[in-house]
Amino acid sequence: MIYELVPNELHDEFKAFHHELKKITSQHAESCPFCKKTEFYIIRSKPTKTYRCKGCHKYFTVSTNTPFNRLAPFSWLEMIFTSRIKNISYPNIAKNLQISFEKVMRRERAIINYLQTYYPSLHKWYTQQKQAILIPTLAEQYKTIKVKVTTLTK
Ligand SMILES: [Zn+2]
């Protein structure tokens, strides 16, 4: 159970954020991100559900004005977040989702950015536990680059 991996005092923040990720995944908009009006049309469903506000006439998706803008498919966000809590490494997450390491990192950065704004305690815990894993990964990358550079200069 994922809750067991999160400290008790963070359960409320974790639950709230997890719920938000699920809402983003389902692409269900509740209000216009610009004027907060709750009446809008659906303009198109694919690839991303796009709405148009009846009040201010602006177009939006469920991720407009959030760090998750243009990071569809949104289901990856929840996958990455929960995988990181289970301490699955970034290369393995990329492999599981069959996407590039860069795509995983872009989403990870958006998650961290969002947590920092809305869930500061969860952010602190999430980034600290991540660092223990990230640092060896970076060290590994540095080694690979160094080997490549050394090969080139020979
Ligand atoms: Zn509006």
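A residue counts as buried if 20 or more other C-beta atoms lie within 10 Å of its own, exposed if 12 or fewer, and partly exposed in between, with C-beta atoms placed from the backbone. The model here is predicted: local features need pLDDT of at least 70, side-chain atom pairs count only at pLDDT 80 or more, and totals for chains, interfaces and linings use all residues. Residues are numbered from 1 along each chain as its sequence is written.

**Exercise 1.** Find the buried residues of helix H1 and work out how they sit around its axis.

*Solution.* Start with the helix itself: H1 covers residues 11–26. (Helices are DSSP runs of H or I, at least four residues; strands are runs of E, at least two; both are numbered from the N terminus.) Next, pick out the buried ones: Phe14, Phe17, Leu21 and Ile24. They share one side of H1, because they cover an arc of only 90 degrees around the axis, taking the directions from the axis to the C-beta atoms. Now flip to the other side of H1, where the exposed residues include His11, Lys15 and His19. Just past the helix comes glutamine 27, with a positive phi near 60 degrees.

**Exercise 2.** Work out the strand order of the sheet and find its edges.

*Solution.* Two strands pair if DSSP finds at least two bridges between them. Three strands line up as S1-S2-S3 in an open, antiparallel sheet. S1 (40–44) and S3 (59–60) each have a single partner strand, so they're the edges, with one side lacking a neighbour in the sheet. Zoom in on S1 and S2 (residues 50–53): four antiparallel bridges link them, and tyrosine 41 has arginine 52 in S2 as its bridge partner. Finally, a hairpin of five residues takes you from S1 to S2.

Conventions. The expected span of a helix is 1.5 Å times one less than its number of residues.
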